[in-house]
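Please read the following note beside the sequence and the coordinates. The points are numbered so that each can be taken up separately.

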Amino acid sequence: MTLKLCQGPACHQYITKDRLKGPAGSKTYQTRRRSTMYYGKGNFCSLNCQNDWWELHGDNAVDHFGRLTEPKHLTEENAWEKRYDWSSDHETRYVYVNGITNEQRPLTREQFNDSNYTLNER
Ligand SMILES: [Zn+2]
């Protein structure tokens with residue numbers, strides 16, 4: 001199993017026992033190495049480290065991958081949202097609601113639970 005290094009630019013500066021490594025007399029605080037990390041798609045050991053990276057590189061990353069200059073639009077054709085009506089007792093519990101027109105269409109439980117089933121045009 002290979003260990004990954006946390007990509008946090010200041011990971012080694014957080015004073016914790018688990019980061020202190022090396023032989024007696026020449027110990028250093030080091031970037032964390034883990035087989036699994038839970039933040040930033042497995043790239044960061046903590047939310048602090050993820051936030052540090054974002055603080056340092058976020059603007060450059062957004063510019064690199066394309067900064068939005070115009071608002072995006074969600075149109076009527078793609079504004080369908082699955083909803084579950086807790087107050088209803090019958091088959092119409094599961095509905096698709098259009099967020100723009102407020103039109104409702106009944107859904108079966110299977111359609112509701114099927115993440116591939118959609119009225120949106122994608
Ligand atoms: Zn870290």
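1. N102 is exposed, with a relative accessible area of 56%, where exposed stands for over 50% relative accessible area, buried for under 20% and partly exposed for what lies in between (1.4 Å probe, protein chains only). N102 sits in the loop between β6 (94–98) and β7 (104–106), strands being DSSP runs of E with at least two residues and helices DSSP runs of H or I with at least four, numbered from the N terminus. The phi angle of N102 is near 65°, a positive value in a residue other than glycine.

2. On the basis of the values, please note that this is a predicted model, in which local features need pLDDT of at least 70 and side-chain atom pairs count only at pLDDT 80 or more, while totals for chains, interfaces and linings use all residues. Residues are numbered from 1 along each chain as its sequence is written, and side-chain values use heavy atoms, with hydrogens and water left out.

3. A positive phi, of about 55°, is also found at K41, which is not a glycine. K41 belongs to the loop between β4 and α1, and its relative accessibility of 84% makes it count as exposed. N43 has its place in the loop between β4 and α1 and counts as partly exposed, at 31% relative accessibility. Although N43 and L5 are 38 residues apart in sequence, their C-alpha atoms are 7.6 Å apart in space.

4. Which residues coordinate the zinc ion? The donors are the SG atoms of C6, C11, C45 and C49, at 2.2 to 2.3 Å; donors are defined as N, O and S atoms within 2.8 Å of the metal (3.2 Å for Na, K and Ca), and since water is not among the atoms, sites may look incomplete. The arrangement is tetrahedral because the four donor atoms subtend angles of 107 to 113° around the zinc ion, the criterion for four donors being that all angles lie between 85 and 135 degrees.

5. Along the chain, the donors of the zinc ion follow the spacing C-x4-C-x33-C-x3-C. Distant parts of the chain are linked by the pair C11 and C45, which are 34 residues apart, C11 lying in the loop between β1 (4–5) and β2 (20–21) and C45 in the loop between β4 (33–34) and α1 (47–65). As to their surroundings, C11 is buried, with a relative accessible area of 0%, C45 counts as buried at 9% relative accessibility, and C6 counts as buried at 5%. A search of the whole structure for disulfides, meaning pairs of cysteine sulfur atoms within 2.5 Å, finds zero.

6. How many salt bridges does a search of the whole structure find? The search finds six, a salt bridge being a side-chain nitrogen of Lys or Arg within 4 Å of a carboxyl oxygen of Asp or Glu. One of them joins R34 to D18, with the closest N and O atoms 3.5 Å apart. Because R34 lies in strand β4 and D18 in the loop between β1 and β2, the pair ties together parts that are 16 residues apart in sequence. R34 counts as partly exposed at 29% relative accessibility, and D18 counts as partly exposed at 35%.

7. A salt bridge is also formed between the side chains of R67 and D59, at 3.8 Å from N to O. R67 counts as partly exposed, at 43% relative accessibility, whereas D59 counts as exposed, at 57%.

8. R105 forms a salt bridge with E103, the closest N and O atoms being 2.8 Å apart. R105 is partly exposed, with a relative accessible area of 35%, and E103 is partly exposed, with a relative accessible area of 35%. Elsewhere, D18, R32 and R34 are joined into one network by salt bridges that share partners.

9. Finally, I15, L20 and Y29 form a nonpolar patch on the surface, and together they have about 270 Å² of accessible area, as given by the Shrake-Rupley method with a 1.4 Å probe, where for residues only the protein chains shown count as cover. Patches are made of residues with over 30% relative accessible area and no salt bridge, like charges being joined within 9 Å and nonpolar side chains (Val, Leu, Ile, Met, Phe, Trp, Tyr) within 5 Å. Y29 lies in strand β3 (residues 28–29) and counts as partly exposed, at 31% relative accessibility.

Technical notes: Four donors count as tetrahedral if all angles lie between 85 and 135 degrees; four count as square planar and six as octahedral if opposite donors are over 155 degrees apart and all others between 65 and 115; anything else is irregular.
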